[in-house]
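Visitor: Please take a close look at one part of this structure, the sheet and what is attached to it. A connected account of the pairing, the charged contacts and the cysteines would be useful.

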Amino acid sequence: MDVLTRWSVLDDLDNFPKRASGMLDPSATVASISPASRARFYRYLHDSFGKHYPELPAILHEVDASGSGRYLRVKELFESFEAFKILSSVVLTAEQQGRPVPAIWDLACGHGLVGILLAYRFPRKKVVCVDLERRPAFAAFADAWRMHGDAHGGDGSDPLANLEYREGDLKRV
C-alpha cells in the first residue's frame, strides 16, 4: 500500500471501482474498496487538505466507525471535496474583490457534505443547507464534525455553530 507517493488524478483515479461506462462506481464505499485504494484515498485527503484540515481523516473515520460507512461513497466524496475547493475559491475571490459574502446557501444539498465543509471553512458566515428531505447522512457527517472538528477560536464551542438545515420546498423555506 502506497501512502508516500503524492496523489495524482491521472494515476490514482483509475485504481478505484468503475462502472462499464468508465465512471467511478457510485455505490462503492470507502469500506468496500481495496486496502490499497483506501490508502490512496486517504493520501488524496492528506494532499488536498492535510495542511489546513488534518482532522479530516478522523472525521471520516468516525462516520465509518459509527456504522454509517454507507454514507462514505467514494464518488460522492471526491465530488463533494472538489466542489468544496471550487466554491471556497469563489467565496475568497469575491471577498478579495470587495464583494462580501455574508451567507452561503447549499440548495438541494443531498447529504450536506459540501455545506458542512463550507460552514467549517468559513465559521463567520452563515451556511444554510436546503433539501426536500433531511437525510440521515447529514446528521452522521455533522455529528462527526462536532466530535472531531476544531472549534474556531479554541473555546470548545460547536465547530458548526454557523450551520443551519432547512427541510422543505425551496419556495417555502
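Guide: What follows goes through the sheet, then its salt bridges, then the cysteines. The model is a predicted one, and every value below is computed from it.

The sheet is open and has three strands in the order β1-β2-β3, paired in parallel. Its edge strands are β1, residues 103–107, and β3, each of which pairs on one side only. On average, neighbouring strands of the sheet are turned by 20 degrees against each other, direction ignored. Between β1 and β2, which run parallel, there are five bridges. One of the residue pairs to look for is I104 with its bridge partner V127 in β2. Across β1, β2 and β3 lies helix α5, residues 113–121, and this helix runs at about 175 degrees to β2.

Charged side chains also connect two of these strands. K126 and E164 form a salt bridge, with N and O 3.4 Å apart. K126 belongs to strand β2 (residues 126–131) and E164 to strand β3 (residues 163–167), so the contact links distant parts of the chain, 38 residues apart. With a relative accessibility of 37%, K126 is partly exposed. E164 is also classed as partly exposed, its relative accessible area being 27%. E164 has a salt bridge to R166 as well, where the closest N and O atoms are 2.5 Å apart. R166 counts as partly exposed because its relative accessibility is 23%, and the class of buried residues ends under 20%.

Another salt bridge involves the loop that leads to β3. D158 and R146 meet with an N to O distance of 3.0 Å. D158 sits in the loop between α6 (136–148) and β3, while R146 is in helix α6, twelve residues apart in a pair that links distant parts of the chain. Both ends are partly exposed: D158 has 32% relative accessibility, and R146 has 37%. For context, the whole structure holds twelve salt bridges. Side chains of opposite charge can pair when their charged atoms come close.

That leaves the cysteines. Which cysteine sulfur is nearest to that of C109, and how far away is it? The nearest is the sulfur of C129, 4.5 Å away, and C109 is in no disulfide. The pair does not count as a disulfide because the cut-off is a sulfur separation within 2.5 Å. Seen from the other side, C129 has the sulfur of C109 as its nearest cysteine sulfur at 4.5 Å, and C129 is likewise in no disulfide. A search of the whole structure finds zero disulfides. C109 is buried, at 8% relative accessibility. C129 is buried too, with a relative accessible area of 0%.

Taken together, the part can be read from the sheet outward. The strand order is β1-β2-β3, with helix α5 lying across these strands. The salt bridge of K126 and E164 links β2 and β3, and E164 also pairs with R166. C109 and C129 are buried, and neither is in a disulfide.

How values were computed
Residues are numbered from 1 along each chain as its sequence is written. This is a predicted model: local features need pLDDT of at least 70, side-chain atom pairs count only at pLDDT 80 or more; totals for chains, interfaces and linings use all residues. Side-chain values use heavy atoms; hydrogens and water are left out. A salt bridge is a side-chain nitrogen of Lys or Arg within 4 Å of a carboxyl oxygen of Asp or Glu. Helices (H or I, at least four residues) and strands (E, at least two) are DSSP runs, numbered from the N terminus. Buried means under 20% relative accessible area, exposed over 50%, partly exposed in between (1.4 Å probe, protein chains only). Two strands pair if DSSP finds at least two bridges between them. Axes are lines fitted to C-alpha atoms, for helices over the stretch in contact, and angles run from 0 to 180 degrees between N-to-C directions. Contact means heavy atoms within 4.5 Å.
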